[in-house]
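Walk through this model with the sequence beside you. The tour starts at the ligand, goes on to the helix pairs, and ends in two loops.

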Amino acid sequence: MKKISLIGAGQTGGTLAHLIGIKELANEVVLFDVASGIAKGKALDIAQSSSVDGFDVKFSGTDNYEDIKNSDVIIVTAGVPRKPGMSRDDLLGINLKIIKQVAEGIKQHAPNAFVICITNPLDVMVMAFQKYSNLPSNKVVGMAGILDSSRFKLFLSLELNVPVKEIEAMVMGGHGDTMVPLPKFTTVAGVPIEDLLDSEEIGEIVKKTRNGGAEIVNLLGDGSAYYAPAKSTAVMVDAILKDTNQIHSCAVMLKGEYGYSDMVSGVPVMIGAGGAQQVIEMTLKQLQKTRFKNSVASVSEMVNILYANGFFDDCENKTYGPSNEE
Ligand code: TXD
């Protein structure tokens, strides 16, 4: 029997709950939201779709943390999305307070769960969640890399007029304007994209990928993307619950990998029954290393401010040592 709880039953949480139902990834799904009516209403709506779709999953909505107990996986989307003109980093102040509350609720009621964090600014939120909950770092993973990679793949497939499933690509680094798409490691059915596109064309697609989320925020006018984010998260849930050992770009706490310690960034990770089981260290070229370094630096800038202002003073694990030998 598998139980999944979703903290935050907004656009991403609700869409993800529906996907979990359709794919029967769990036997029980709990939607938790401070707006309990939204959580309860969406749970009922999705449950009613199960008789049409034929899936057998129990759904409920709540604003009581006790209901998440014994969850195998918890996905955190609680928080505020950005508005047109905002960067993800602009959400730091408001979402940090929410993540603290959520981390305390999970620590108290479901300390054995694997937690996938989605709330922005993603990398700082994963770091803060881990500090506030003190859950083992293999059990706290951020979703962003799969989404950023999916955008990169889509834009490449449109440019090259090839099926998107033929493209293998990875985006590393923080989930922000400094994310690091890796064109040198990107192929179409094994053919390097550098043999198919010139550097200017690749540069344009990289730019479009970095701007992929903002483009949607501007079009929607209110709120941010949720279909692709929810699907990207479902892939991680599936990998954990079915122990698939898939390798995906995920935001995890680094412990010396790529030269950084006690710092969260997006790197290739093997995901399975042990959560973030292993960080895969790729041999990066000099330019990629520099871009990754800049990306980590933009996250550690925010983390430094939080440390300096005492946001982690009460945490059991206060260590902090971003470093890079290069
Ligand atoms: O790639 C990624 N990591 C992302 C990140 C992709 C998509 C969305 N991304 C971020 O997730 C986005 O920037 C936001 O920070 C979160 C949630 O986005 P979503 O689009 O789902 O936002 P909604 O629809 O506003 O839903 C948020 C819900 C809403 O129902 C609130 O009532 C609830 O969060 N909320 C809370 N729930 C529980 N506990 C607390 N404290 C709380 N505060 C707000």
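**From the ligand to the loops**

An oxygen atom of the ligand sits 3.3 Å from a polar backbone atom of Gly 79. The model is predicted, so every distance here is computed from predicted coordinates. Asp 33 also approaches the ligand: an N or O atom in the Asp 33 side chain is 2.6 Å from a ligand oxygen atom. Gln 11 uses its backbone instead. A polar backbone atom of Gln 11 is 2.8 Å from an oxygen atom of the ligand. These contacts belong to a wider surround. In total, 25 residues surround the ligand. The closest are Gln 11, Thr 12, Asp 33, Gln 101 and Met 143.

Now turn to the helices. Two packed helices are described by two values, the angle between their axes and the distance between the axes. Take each pair in turn.

Start with helix α1, residues 11-22, and helix α2, residues 36-53. Their axes come within 10 Å and cross at roughly 25 degrees. An angle under 35 degrees counts as roughly parallel. Therefore α1 is roughly parallel to α2. The crossing of this pair, α1 and α2, is right-handed. Which residues of α1 and α2 make the contact? From α1 come Gln 11, Gly 14, Ala 17, His 18 and Ile 22. From α2 come Lys 42, Ile 46, Ser 49 and Asp 53. By class, the residues of this α1 and α2 contact are three nonpolar, four polar and two charged. Gln 11 thus links two parts of the tour: it is listed in the helix contact and among the closest residues to the ligand.

Next comes helix α3, residues 92-109, with α4. Their axes come within 9 Å and cross at roughly 35 degrees. The crossing of α3 past α4 is right-handed. On the α3 side, the contact involves Leu 92, Asn 95, Leu 96, Ile 99, Lys 100, Val 102, Ala 103, Ile 106 and Lys 107. On the α4 side are Val 124, Met 125, Ala 128, Phe 129, Tyr 132 and Ser 133. The α3 and α4 contact divides into 11 nonpolar residues, two polar and two charged.

Helix α4 also packs against helix α9, residues 286-308. Here the angle is about 40 degrees, and the axes are 9 Å apart. That makes α4 oblique to α9. The α4 and α9 crossing is right-handed. Asp 123, Val 124, Met 127 and Lys 131 of α4 meet Val 299, Met 302, Val 303, Leu 306 and Tyr 307 of α9. This contact of α4 with α9 has seven nonpolar residues, no polar ones and two charged. Val 124 appears in the contact with α3 and in the contact with α9.

Finish in the loops. Most residues other than glycine have a negative phi, and most peptide bonds are trans. Two spots deserve a look against that background. Asn 120 and Pro 121 are joined by a cis peptide bond, with omega about -5 degrees. Pro 121 lies in the loop between β5 (114-117) and α4 (122-133). The other spot is Asn 161, a residue other than glycine whose phi is positive, near 55 degrees. Asn 161 is in the loop between α5 (145-160) and β7 (167-168).

Definitions and conventions: Residues are numbered from 1 along each chain as its sequence is written. This is a predicted model: local features need pLDDT of at least 70, side-chain atom pairs count only at pLDDT 80 or more; totals for chains, interfaces and linings use all residues. Side-chain values use heavy atoms; hydrogens and water are left out. Axes are lines fitted to C-alpha atoms, for helices over the stretch in contact, and angles run from 0 to 180 degrees between N-to-C directions. Helices (H or I, at least four residues) and strands (E, at least two) are DSSP runs, numbered from the N terminus. Angles under 35 degrees count as roughly parallel, over 145 as roughly antiparallel, 65 to 115 as roughly perpendicular and the rest as oblique. A crossing is left-handed if the near helix is turned anticlockwise from the far one by less than a right angle, and right-handed if clockwise. Contact means heavy atoms within 4.5 Å. Ala, Val, Leu, Ile, Met, Phe, Trp, Tyr, Cys and Pro count as nonpolar, Asp, Glu, Lys and Arg as charged, and the others, Gly among them, as polar. A residue is near a molecule or strand if one of its heavy atoms lies within 4 Å of it. A polar contact is a pair of N or O atoms within 3.5 Å; within protein, one must be able to donate a hydrogen and the other to accept it, and residues adjacent in sequence count only if both atoms are side-chain atoms.
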